[in-house]
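Biologist: Got the file open. Can you walk me through the pairing, the packing and the charged pairs?
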Amino acid sequence: MKSQSINDTVLQAVKDVYVSAKNADITIRYDEQVKCDIQHDRRWTAEACFNLLDNAIKYGKTGSEIVLSVRKLGLTVEISVIDENEPIGEDERTHIFERFYRGRNSGDKDGVGIGLYLSREIIEKQGGMLSVIPQKDGNKFVIVLQSR
């Protein structure tokens, strides 16, 4: 871990999923509310963000939008990924971060159920938190990292 631009890290994840989003006709809108350097591991944090974006694309609807934002909240930085997918039900929210868990809507989608688990492990090992908040028309995945 070292002090470096969290914005560059998040944009690396966007770059890594761009082709998948384009092929699925899904738009990623980047809402940068702050530019800042924070202590984090670039490679692993980009992987955590990639997993969130990749899931949003994998379960996304053609023509939908994903909003990725970075903002500062006091002594923390919040990275959020908001999708327009089916809201994750309360009964599944407690399980989606478990290793090898695949939701009821995973059906024929590729994957083995480790992306969200790995993302949470990566963020927690850096002293942060990862959570999901259902929205009226989708889901909001939130990463919170210390900004000092």
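Modeller: Start with a residue pair: Ser5 has Asp37 as its bridge partner in S3. Keep in mind that this is a predicted model.

Biologist: Which way do S1 and S3 pair, and over how many bridges?
Modeller: Strand S1, residues 2–5, pairs with S3 in the antiparallel sense, over four bridges.

Biologist: Which residues of S3 are on the covered face, and which on the uncovered one?
Modeller: Ile38 and His40 are on the covered face of S3, residues 37–40. Asp37 and Gln39 make up the uncovered face. In a regular strand, side chains alternate between the two sheet faces.

Biologist: Now the open sheet. What is the strand order?
Modeller: The order is S2-S4-S5-S7-S6, five strands in an open sheet with mixed pairing. S2 (27–32) and S6 each have a single partner strand, so one side of each has no neighbour in the sheet. From one strand to the next, the twist averages 15°.

Biologist: And how do S2 and S4 run, parallel or antiparallel?
Modeller: Parallel, with six bridges joining S2 to S4. Arg29 has Val67 as its bridge partner in S4.

Biologist: Arg29 again, then. What does its side chain do about charge, i.e. which residue forms a salt bridge with Arg29?
Modeller: Glu65 does, with the closest N and O atoms 3.3 Å apart. Glu65 is in strand S4 and Arg29 in strand S2, so the salt bridge ties together parts 36 residues apart in sequence. Both ends are partly exposed: Glu65 has a relative accessible area of 25%, and Arg29 has 40%.

Biologist: How many salt bridges is that in total?
Modeller: The count comes to five. Another one is Lys125 with Glu121, at 3.8 Å from N to O. Those two residues both lie in helix H4, four residues apart, or about one turn. Lys125 is exposed at 67% relative accessibility, while Glu121 is partly exposed at 26%.

Biologist: Which residue does Glu78 form a salt bridge with?
Modeller: Arg71, with the closest N and O atoms 2.8 Å apart. Glu78 is buried, at 8% relative accessible area, whereas Arg71 is partly exposed at 28%.

Biologist: Lys140 caught my eye too. Is it buried or exposed, and what is the nearest opposite charge?
Modeller: Lys140 is buried and has no salt bridge. The nearest side chain of opposite charge is Glu78, 4.1 Å away. The cut-off for a salt bridge is 4 Å, so the Lys140 and Glu78 pair at 4.1 Å does not count. Lys140 is in strand S7, and its contacts beyond four places in sequence include Glu78, Ser80, Ser131 and Gln135.

Biologist: Switching to the core. Which residues have the most contacts inside the largest one?
Modeller: Ile6, Leu53, Ile79, Val81 and Ile143, in a nonpolar core of 30 residues. Elements giving two or more residues to this core include helices H1 (6–23), H2 (42–58) and H4 (115–125). Strands S5 (76–83) and S7 (138–146) are also among them.

Biologist: What does Ile79 touch?
Modeller: Beyond four places in sequence, its contacts include Ile6, Val10, Cys49, Phe141 and Ile143.

Biologist: And where do H1 and H2 lie?
Modeller: H1 lies across S2, S4, S5 and S7, at about 170° to S2. H2 lies across S2, S4, S5, S6 and S7, at about 20° to S5.

Key. Residues numbered from 1 in each chain as written. Predicted model: local features only at pLDDT ≥ 70, side-chain atom pairs only at ≥ 80, totals over all residues. Heavy atoms only, no water. Core = buried A, V, L, I, M, F, W, Y, C linked by side-chain atoms within 4.5 Å. Buried < 20%, exposed > 50% of the residue type's maximum accessible area, 1.4 Å probe, protein only. Contact = heavy atoms within 4.5 Å. Pairing = 2+ DSSP bridges. Axes fitted to C-alpha atoms, helices over the stretch in contact; angles between N-to-C directions. Lys, Arg positive; Asp, Glu negative; His and termini not counted.
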